[in-house]
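Subject: Structure handover

Hello,

Here is the structure I promised to pass on. Please open it beside this note, and then read on for what turned up.

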Amino acid sequence: MDSGFMHQFVQQLINGVSLGSIYALIALGYTMIYGILKLINFAHGDVYMLGAYIGFFCTSMLKLSFLPSIIVAMVGTALAGMIIERVAYRPMRNAPRIAILITAIGVSFFLENAMILFASPQPRTFPAVFSATVYHFGALVINSQQIVILVSAIVLMIALTYIVNYTKIGKAMRAVSFDADAARLMGINIDFVISMTFALGSALAGAGGVLVGIYYNSIEPLMGMVPGIKAFVAAVLGGIGIIPGAMMGGIILGVVEALVSGFISSTFRDAAAFAILIIILLYKPQGLLGKNVREKV
Amino acid sequence: MNSLRKADLKAFVAAAVIFAVIYGLLQAEVIGAFWELNLVLIGINIILATSLNMINGYTGQFSIGHAGFLAVGAYVGAIMTVKLGFNMAVALIAGTAAAGLLGFLVGLPTLRLNGDYLAIATLGLGEIIRICILNIDYVGGAAGLMGIPRLTSFPLVFWIMVAILFFIKNFKNSAHGRACLAIRENEIAADTMGIDTTKYKVMAFTLGAAFAGTAGVLFSHYFFIAHPASFTFMRSFDILTMVVLGGLGSMTGSVTGAIVLTFISAALADFPQWRMIIYSLTMIILMLYRPQGLFGSKELSMQLFRSLKIGGKKQ
Amino acid sequence: MTRKFKSLAVLAAGLSLALALGGCGGSKSGGGDTVKLGGNLEMTGGSASYGISSKNAIELAIKQINAKGGVNGKKLSLVVADNKSEATEATNAMQKLITQDKVVGVIGPNLSSAVIASTVVSGGAKTADIAPMATNPKVTVDDAGKVKPYNFRACFIDPFQGTVMARFALDTLHVKKAAIMIDNSSDYSKGLAQFFKEQFTKGGGTIVGEEVYLQKDTDFKATLTKLKSAGPDFLYIPGYYQEVGMIVKQAKELGLNVAMAGGDGWDSAKLTEIALPENLNNCYFSSLYSPDDDSALNKEFVAAYEKEYKAKPDVFAALSYDSTLLFAKAMETAKSTDPAKIAAALEKLDGFTGVSGPVKFDKDHNPIKAAVIIELKNGKQTFRTKVNP
């Protein structure tokens with residue numbers, strides 16, 4: 001009985017980490033955009049959905065294989081992110097925060113419903129572009145897609161950290177995040193930097209969309225709504241604006257959800273996720289990694 | 001003081017006239033049942049928007065979990081009438097009190113947070129409330145609480161709405177209201193001036209939640225059902241949009257926002273696929289061109305207000 | 001002052017736009033020689049595929065009826081209102097169809113919870129409503145068990161479906177330990193689960209685990225891991241295809257290789273796409289209709305539907321088609337388009353045969369018809385057996 005419990009516990013941890021890495025993929029972009037604009041980009045979850053649809057279009061209509069599809073999806077969502085920023089957010093840069101938030105909600109509704117109109121609300125399924133190999137370790141089960149998602153999230157996190165810390169554009173991003181006016185005075189093209197941030201963040205969401213679409217084998221226009229909110233929770237949990245924080249927050253959230261579903265009841269899964277968020281906010285509003293890492297983008 | 005009362009009297013007369021006109025049209029069946037339903041919805045949305053405006057507009061606290069309090073009111077009210085057999089008055093009082101109490105309990109710890117953190121915390125609370133309801137079999141769980149009698153009528157909604165508007169207007173002009181405005185303008189400065197910021201923040205939050213509860217009772221007793229899917233964060237966003245559209249901090253703005261958005265949504269009912277697209281574009285475009293909302297934080301003057309309201313609601 | 005005027009102008013523009021649009025919506029009135037049927041359907045939201053199937057089938061039926069000269073010399077037309085797969089919106093849509101569009105009868109919704117909420121409106125307005133696929137008992141009877149005079153359905157009810165599957169599992173599959181996954185957001189799912197459970201335990205089986213999920217959930221591995229550790233030899237998932245597809249796929253990935261079964265919510269080509277064909281073996285579902293049924297009426301319907309929409313009709317399409325024919329038949333026997341008379345005619349209807357078989361309403365307005373068990377072999381639906389009531 002005891003070993004049965006341990007076995008289930010470990011399996012739940014695996015489930016949780018794989019779910020959490022999906023949240024982390026979306027949370028990375030969320031946290032970047034928040035870091036630079038202090039904007040809760042509610043449309044981010046829908047950019048993720050857009051990525052999934054572009055990937056679906058590439059694989060099923062254009063018959064592309066996995067790698068080109070994911071690249072096209074990343075480019076597509078990067079462009080979409082830049083357009084959204086240019087059209088909806090840039091004119092609002094000096095507007096009250098809440099007005100920008102409403103705009104973001106508006107953009108989110110727009111993307112969801114435009115997709116319903118053009119692609120129908122029916123769920124779509126990916127053709128088998130890369131099939132899942134299931135690995136058994138004793139009675140534990142993990143499949144290759146879960147590993148791919150987790151590895152992608154880690155690689156992207158490291159790449160992002162590198163870009164933000166060591167490249168020129170990354171330095172510019174940090175400067176804009178720290179003090180936009182001062183950055184402008186130093187000759188940094190703020191519009192360009194913000195545009196790039198959106199491109200990068202949205203591309204990550206796009207990649208996430210394709211991976212998740214393949215993993216669950218089902219995409220639909222509203223698929224970004226709940227993961228979007230959860231990813232934001234993950235970003236706040238880890239300390240919003242902090243890249244490793246998004247990763248950590250995502251994984252913690254995923255594990256908590258899996259453990260609650262497995263050992264208490266799946267009905268309280270979401271409530272537990274939000275409750276943890278509120279507790280963290282009350283005792284450490286800057287997030288788990290908030291204090292240690294001061295640089296924010 | 002005297003002039004204030006005169007203005008109140010005028011506003012009351014105006015409200016009575018509006019009521020008489022709409023009620024007359026309803027009785028004469030010029031306005032059909034579909035638009036009657038939407039008039040009721042407008043009334044409920046006005047209560048929701050103005051109550052959220054107390055929190056977000058007057059006190060400057062960023063709350064986006066209003067649907068949770070709406071849900072509490074809807075369910076508690078329905079329990080009173082369906083399960084315990086009380087009348088509507090008891091339901092209204094119980095729903096209002098329950099939502100207010102919850103607002104107080106929730107507000108006390110969370111209002112320490114500010115800005116986006118408070119926003120996300122209230123969003124989470126709204127969802128927690130909904131999920132808890134989902135898991136209570138006594139109120140029907142995910143299937144919703146059914147068999148609620150239709151005890152809400154247009155006159156009831158209208159006069160409760162007027163009473164709440166009157167209360168909120170007076171609240172804003174009272175010492176408490178001024179304290180709330182001071183918190184919005186600068187919390188630290190308000191604190192230094194000797195204002196008990198926590199007290200006033202919690203007060204505004206509790207009152208806002210209580211009125212949302214009232215709206216909830218009216219809501220569930222009009223639509224026969226209290227269903228958890230009606231109280232998701234999408235509903236909270238809807239209410240927030242009404243407030244911001246009208247102008248954060250403007251009561252008349254919230255009223256207008258509620259009317260306009262409910263109208264647009266109803267008018268587009270014939271084009272289901274386009275409805276949400278047009279709705280969302282309206283939101284984006286209005287924010288782009290008028291980020292402070294239709295009225296900013298200003299109120300319409302009584303004179304303008306009256307001519308506008310008569311013109312706007314008569315259809 | 002100028003600012004005030006500006007804002008007023010914006011407001012006025014907004015209001016007049018809304019009014020103009022509202023006016024458009026309101027000005028429609030019933031024409032002399034067309035009779036309007038309403039479709040309170042799931043055009044958007046989680047169950048949109050049902051609504052779309054229904055709409056297609058109703059339009060096809062109306063087209064065919066009109067080509068034959070209509071009903072009582074009048075042409076039929078369809079007004080669709082979107083209920084967004086939600087109970088409160090369904091009430092709203094019902095209100096709009098009946099009072100705004102003045103339809104003589106309503107088809108839909110398909111979701112039990114949506115029908116139950118909206119029957120108050122249709123009943124209050126004395127307008128007949130046929131729910132093609134709402135299987136919860138409370139669709140046609142109220143809490144006190146009294147039949148709702150204006151509400152009908154074209155399908156059988158939950159108790160029957162849950163009972164049928166429990167008997168099939170015990171007698172044919174010889175399983176003893178069942179686990180259940182319930183869609184907690186749906187009455188339908190809860191109803192099926194409840195009656196399955198009763199029948200299964202009565203027949204000597206045990207329920208080893210019971211878990212719930214919500215519509216739109218995507219990750220079920222945690223719950224499935226929990227169920228797997230209880231060691232079931234049968235998994236009953238009375239949900240809708242979108243989640244069921246993911247549950248089946250993830251269950252197989254976790255190595256939960258037991259027989260799985262569900263209700264008619266499984267009946268969609270999407271199920272195979274989502275779950276992948278290789279995972280859909282040893283899977284069964286109860287349903288009312290199979291497009292492979294070889295009655296002449298059904299063959300004709302399937303051919304016409306395929307020609308029009310390039311797809312096989314599913315059970316939602318078939319029953320919505322039948323619902324439309326039921327209305328036409330009722331109007332013919334009543335020789336009237338008065339909503340109350342149509343309802344009365346439906347109640348007494350006799351000798352009607354639709355594509356899903358003969359329909360006659362019992363005292364609770366439920367049609368008496370047989371259930372089929374369909375087996376999935378590599379994702380392909382094959383007819384397994386027929387169970388009579």
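Helix α10 of chain A is largely enclosed by the rest of the structure, because 18 of its 21 residues are buried. This helix covers residues 243-263 of chain A. Its length also checks out. At 1.5 Å a residue, the 21 residues of α10(A) should span 30 Å, and the end C-alpha atoms are 31 Å apart, which agrees. Please keep in mind that this is a predicted model.

**Chain B against chain A**

Chain B uses 32 residues to contact 32 residues of chain A. On the chain B side, the elements giving two or more residues are α4 (88-110), α5 (115-134), α10 (233-246) and α12 (272-289). Which of them gives the largest share? That is α5(B), with eleven residues. By class, this side of chain B has 23 nonpolar, seven polar and two charged residues.

**Ser51 of chain B**

Ser51(B) sits in helix α2 of chain B, residues 33-58. Is Ser51(B) buried or exposed? Ser51(B) has 31 C-beta neighbours inside 10 Å, so it counts as buried. Leaving aside residues up to four places away in sequence, Ser51(B) touches Gly208(B), Phe211(B) and Ala212(B). Leu41(B) is ten residues from Ser51(B) in sequence, and the two C-alpha atoms are 15 Å apart in space.

**Domains of chain C**

Chain C is divided into domain 1 (34-156 + 293-370) and domain 2 (158-287). The C-alpha centres of these two domains of chain C lie 28 Å apart. Their contact takes twelve residues from domain 1 and 16 residues from domain 2. On the domain 1 side, helix α4 of chain C (residues 112-124) gives the largest share, three residues. That side has four nonpolar, seven polar and one charged residues.

**The seven-stranded sheet of chain C**

Chain C has an open sheet of seven strands with mixed pairing. The strand order is β7-β6-β8-β9-β10-β13-β14. Which strands form the edges? They are β7 (206-213) and β14 (380-387) of chain C, each pairing on one side only. From one strand to the next, the twist averages 20°.

Inside this sheet, β6(C) (residues 177-183) and β8(C) (residues 234-236) pair in the parallel sense over three bridges. Ala179(C) stands opposite Leu235(C) of β8(C). Helix α7 of chain C, residues 221-228, lies across β6 and β7 of chain C. The helix runs at about 170° to β7(C).

**Strands β3 and β4 of chain C**

Strand β3(C) (residues 105-107) and β4(C) run parallel, joined by three bridges. Gly105(C) has Ala128(C) in β4(C) as its bridge partner. In a regular strand the side chains alternate between the two faces of the sheet. Strand β4(C), residues 128-131, shows this split: Ala128(C) and Ile130(C) point one way, while Asp129(C) and Ala131(C) point the other way. All four of these residues are buried.

There is a cis peptide bond to look at too. It runs from Gly108(C) to Pro109(C), with omega near -10°. Pro109(C) lies in the loop between β3 and α4 of chain C.

**Helix α2 and positive phi values in chain C**

Helix α2 of chain C covers residues 48-67. Its 20 residues should span 28 Å at 1.5 Å a residue, and its end C-alpha atoms are 28 Å apart, which agrees. Gly69(C) follows α2(C) and has a positive phi, near 100°.

Two residues other than glycine also have positive phi: His174(C) and Asn378(C).

- His174(C) has phi near 55°. It is in the loop between α5 (158-171) and β6 of chain C. With 10 C-beta neighbours inside 10 Å, His174(C) counts as exposed.
- Asn378(C) has phi near 50°. It is found in the loop between β13 (371-377) and β14 of chain C. With 12 C-beta neighbours inside 10 Å, Asn378(C) counts as exposed.

Over to you.

Best wishes

Technical notes
Residues are numbered from 1 along each chain as its sequence is written. Chains are lettered from A and ligands numbered from 1 in the order in which they are written. This is a predicted model: local features need pLDDT of at least 70, side-chain atom pairs count only at pLDDT 80 or more; totals for chains, interfaces and linings use all residues. Two residues are in contact if their C-beta atoms, placed from the backbone, lie within 7 Å. Helices (H or I, at least four residues) and strands (E, at least two) are DSSP runs, numbered from the N terminus. Ala, Val, Leu, Ile, Met, Phe, Trp, Tyr, Cys and Pro count as nonpolar, Asp, Glu, Lys and Arg as charged, and the others, Gly among them, as polar. Two strands pair if DSSP finds at least two bridges between them. Axes are lines fitted to C-alpha atoms, for helices over the stretch in contact, and angles run from 0 to 180 degrees between N-to-C directions. The expected span of a helix is 1.5 Å times one less than its number of residues. A residue is buried if 20 or more other C-beta atoms lie within 10 Å of its own, exposed if 12 or fewer, and partly exposed in between; C-beta atoms are placed from the backbone. Domain bounds come from an automatic or database domain assignment.
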